[in-house]
Amino acid sequence: MTDREDWESRHRAALGGPLGAPSAWVVSRALGLSARDVIVDLAAGRGRHAVPLARAGRRVIAIDIVAAAVADARAAAALLAITADASMLPLRGESIDAIVCVNFLDRDLFTTLPSLLRPGGTAIIETFTVAQRSLGRGPTTDAHLLRRDELPALLAPLAILEHREGLVRDDAGERYVAQAMAMKEVMAGR
Ligand SMILES: C[S@@+](CC[C@H](N)C(=O)[O-])C[C@H]1O[C@@H](n2cnc3c(N)ncnc32)[C@H](O)[C@@H]1O
């Protein structure tokens with residue numbers, strides 16, 4: 001089974017059902033951006049973050065490799081849904097105001113992510129760290145878990161505005177994650 005087929009079958013059981021609570025930190029930081037910004041929720045799933053942000057009046061593009069998942073998000077809120085693989089994004093360089101990416105780790109993505117953001121654009125990232133293993137649930141492989149202090153290094157050359165790691169408790173549950181907000185600097189003369 002390919003990764004995409006695996007995710008299609010995982011999403012199938014949940015389609016049309018309630019969305020889980022979003023990360024409170026991710027939503028608060030995304031709502032803190034300019035209301036004019038277009039927010040791309042990358043690997044958005046069924047829209048756990050894209051849907052509440054769109055319902056709050058933000059302009060949102062939800063991208064996921066599973067077509068049925070983003071169709072669910074589009075049915076729930078006024079947003080643009082795109083089916084695409086994160087490794088081959090149909091986005092122009094320096095065209096994105098903001099990228100949200102939660103619980104999706106593809107380290108190769110961080111080599112292209114800075115080039116997608118416009119100068120002054122923002123990345124808001126949250127995903128599990130290796131400490132999550134101690135809770136006995138969630139991802140377990142090195143490929144899906146950030147090492148300690150790995151996230152800010154992956155986000156270079158963006159400027160880190162905020163970074164923290166540890167146990168988070170909110171309506172989305174208890175989890176060990178790294179959270180970072182980073183900005184593409186505006187070069188003088190641009
Ligand atoms: C753990 S879920 C997280 C979904 C959502 N970000 C959230 O926080 O609820 C991971 C998501 O990544 C998507 N995904 C997996 N591989 C992908 C890829 N190569 N490109 C885009 N999306 C992918 C899956 O379909 C799934 O929706």
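## Strand 1, inside the structure

Let's start with strand 1, residues 38-42. In this predicted model, four of the five residues of strand 1 are buried, so the strand is largely enclosed by the rest of the structure. One of its partners is strand 2, which spans residues 59-64. Strand 1 and strand 2 run parallel and are joined by five bridges. If you would like a pair to look for on screen, V40 has I61 of strand 2 as its bridge partner.

## The sheet as a whole

Where does strand 1 sit in the order of the open sheet? The sheet has seven strands in the order 3-2-1-4-5-7-6, with mixed pairing, so to speak your strand 1 is found between strands 2 and 4. The edges are strand 3 (80-83) and strand 6 (159-170), each of which pairs on one side only. On average, neighbouring strands of this sheet are turned by 15° against each other, direction ignored. As a reminder, strands of a sheet pair through backbone hydrogen bonds, in either a parallel or an antiparallel way.

Take the strand 3 edge to begin with. Strand 3 pairs with strand 2 in the parallel sense, over four bridges. Within this pair, A62 stands opposite A81 of strand 3.

At the strand 6 edge the pairing is antiparallel: eleven bridges join strand 6 to strand 7. These two strands form a hairpin, with two residues between them. A159 has M183 of strand 7 as its bridge partner.

## Helices lying on the sheet

Helix 2, residues 24-31, lies across strand 1, strand 4 (96-102), strand 5 (117-128), strand 6 and strand 7 (173-183). Its direction is at about 170° to that of strand 5.

Helix 4, residues 67-76, lies across strand 2 and strand 3, and runs at about 180° to strand 3. Which residues of helix 4 are buried? They are A69, V70, D72 and A73. These residues are on the same side of helix 4 because they cover an arc of only 145° around the axis. The general rule behind such patterns is that an α-helix has 3.6 residues a turn, so residues three or four places apart point the same way. Among the elements that cover the buried residues of helix 4 are helix 1 (3-12), helix 3 (50-55), strand 2 and strand 3.

## A closer look at L53

L53 belongs to helix 3. Is L53 buried or exposed? L53 counts as buried because it has 25 C-beta neighbours inside 10 Å, and the cut-off for that label is 20 or more.

Setting aside neighbours within four places in sequence, L53 is in contact with V27, A30, I39, R58 and V60. One of these contacts, A30, is 23 residues away along the chain, yet the C-alpha atoms of L53 and A30 are separated by 7.7 Å.

## Around the ligand

How many residues surround the ligand? There are 16, and the closest are W7, A43, G45, R48 and A86. Sorted by class, the shell around the ligand holds nine nonpolar, three polar and four charged residues.

A43 deserves a second look. A43 is in the loop between strand 1 and helix 3, and its phi is positive, about 60°, although A43 is not a glycine. A43 counts as buried because 23 C-beta neighbours lie inside 10 Å.

## Unusual backbone spots

Most residues other than glycine have a negative phi, and most peptide bonds are trans. Besides A43, N103 has a positive phi, near 55°, and is a residue other than glycine. N103 is placed in the loop between strand 4 and helix 5 (109-116). With 20 other C-beta atoms within 10 Å, N103 is buried.

Which residues does a cis peptide bond join? It joins A156 and P157, with omega at about 15°. P157 is in the loop between helix 6 (150-155) and strand 6. P157 is exposed, because it has 8 other C-beta atoms within 10 Å, and the label applies at 12 or fewer. From P157 to I124 the distance is 15 Å, C-alpha to C-alpha, and the two are 33 residues apart in sequence.

Key: Residues numbered from 1 in each chain as written. Predicted model: local features only at pLDDT ≥ 70, side-chain atom pairs only at ≥ 80, totals over all residues. Near = placed C-beta within 6 Å. Nonpolar A, V, L, I, M, F, W, Y, C, P; charged D, E, K, R; others polar. Pairing = 2+ DSSP bridges. Axes fitted to C-alpha atoms, helices over the stretch in contact; angles between N-to-C directions. Contact = placed C-beta atoms within 7 Å. Arc of directions from axis to C-beta.
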